[in-house]
Amino acid sequence: MKDQVLLNAIIENAIDGIITINQHGVIELINPSACKLFLYTPEEIIGQNISVLIPSTLKEKYSSWIRSFSRSSRTNRVRSANKELIGYKKDGSVFPFRLGISEIKLGDKRIFTGFVHDLSYQKEAENKLLLYTQHLEELVKARTISLDETIDALIDAKEEISTALEKEKKAGQLKSRLLSMASHEFRTPLSTIQLSTSLIQRYAENLEESKIENHVYKIKSAISNLKTILDDFLQLEKAESNKVTVSPSRFEIDVFVKEIIDELQVLAKKEQKIIGSHTGKAKLVKLDVNLLKNCIINLVANSIKYSGEETSIEINTSVTQNNIIITVKDNGIGIPDEDQEHLFEAFFRAHNTGSIPGTGLGLHIVARYVKLMGGTISCKSEVNEGTLFTIQFPRK
């Protein structure tokens, strides 16, 4: 019951619109955000065919795409697809949106869930950028002064345009990647929660406790994924806006690492072991406890995620006369050579991660935090052989 309440709360309070239809195209569920986008009340739209939300000129095109998506499904697994479309509101106006659609099969019944993300603001920003660029180009053309002054003006205008476009481009790319990644990463766990909740209701009627426990675990895992994504967003926002402050304190690093291992061991896979060791007699260091803890947790969490069962993850610390060195080593899937130079860039994920969930922000945040504390981070890795991360700080 609590999980059902949580699911309802997620759907009701979701920023994006959520619409569920049956195999005949009839709308069975619509959340408040979708009602606000299309200007309908639930009573007006539930029971209607999905075609009422499609412009008449595009109905055949959209219907063809939906039929194609439906025919391509050959298994009982959840399927999904993404597409940019145009929506038709109750008042006759239209708006652009990105549609993420997932299909769920329950016995003979097929359910399609659409996640509607409004692109109006993004398209408006792109149009403003285009107009601004055109305006700058017109300013350049209008400067008909002397030859020398014209050359100087062109150089200034070029630099002005390049700087303005670069800032707008970076801002637009960051927002677009945030929206795209968030849309994808949120949709998968939400689909899992929705499907598992429906199956729990069915199994509860037959008192199939083992299957109920399995789907409760899936729901908890999906919620944990959502929390991780939100935490990464918050940490990135703090780092990008220079809100992170460094507050160093003295502590014994071997004890510090042991406490982290105790916390993370419960998250490890079956028979995975997290092993800590310290080299040398010196143990006292002066670093920011919270930032360092975040760095180590990120690295170890990645090792857990990208390594198999019955493997070991090693954390070694050493304090020399001049340096503090921390290494995290695993024997997981490794990182391809061509990906390693981009490893600490925001939103970057190696090409061999496959369907393993992740935001591509963890290592970027680790690198930012290490740099703030005056340290460096490096990586050595081979595909299918494992990865070794080394963090080094000057000893103070």
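These legends go with several close-up views of a predicted model.

**View 1. How confident the predictor is across the protein.** Averaged over the protein, pLDDT comes out at 78, and 67% of the residues reach 70 or more. The stretch to watch is residues 74-79, where pLDDT is below 50. That stretch still has 13 contacts in the model beyond near neighbours in sequence. Where pLDDT is low, though, the predicted coordinates should not be read in detail.

**View 2. The open sheet and its strand order.** Here we've got 5 strands, running β7-β9-β10-β12-β11, with mixed pairing. The edges belong to β7 (273-279) and β11 (376-382); each has a single partner strand, so one side of each is left without a neighbour in the sheet. Going from one strand to the next, the twist averages 15°.

**View 3. Zooming in on the β9 and β10 pair.** Strand β9 covers residues 312-319 and strand β10 covers residues 323-330. They pair in the antiparallel sense, over 6 bridges. If you want a residue to anchor the view, pick S318, which stands opposite I325 in β10.

**View 4. Helices packed on the sheet: α8 and α10.** Helix α8 (residues 253-265) packs on the sheet and touches β7, β9 and β10. Its direction makes about 180° with that of β7. Helix α10 also packs on the sheet, touching β11 and β12 (386-394). For α10, the direction makes about 145° with that of β11.

**View 5. Where α8 meets α9.** The two axes come within 11 Å and cross at roughly 45°, and α8 and α9 are therefore oblique to each other. The crossing of α8 past α9 is right-handed. On the α8 side, the contact is made by F256, V257, I260, E263 and L264. Helix α9 brings V289, L292, K293, I296, I297, V300 and I304. Sorted by class, the residues of this α8 and α9 contact are 10 nonpolar, no polar and 2 charged.

**View 6. Where α9 meets α10.** Helix α9 spans residues 289-306 and helix α10 spans residues 362-372. They pack at an angle of about 150°, with their axes 9 Å apart. Angles over 145 degrees count as roughly antiparallel, so α9 and α10 are roughly antiparallel to each other. This time the crossing is left-handed, with α9 passing α10. From α9 come L291, N294, C295, N298, L299 and N302, which meet G362, L363, I365, V366, Y369 and V370 in α10. The class count for the α9 and α10 contact is 8 nonpolar, 4 polar and no charged residues.

How values were computed:
Residues numbered from 1 in each chain as written. Predicted model: local features only at pLDDT ≥ 70, side-chain atom pairs only at ≥ 80, totals over all residues. Heavy atoms only, no water. pLDDT = per-residue confidence, 0-100. Contact = heavy atoms within 4.5 Å. Axes fitted to C-alpha atoms, helices over the stretch in contact; angles between N-to-C directions. Helix = DSSP H or I, 4+ residues; strand = E, 2+ residues; numbered from the N terminus. Parallel < 35°, antiparallel > 145°, perpendicular 65-115°, else oblique. Left-handed = near helix turned anticlockwise from the far one by under 90°. Nonpolar A, V, L, I, M, F, W, Y, C, P; charged D, E, K, R; others polar. Pairing = 2+ DSSP bridges.
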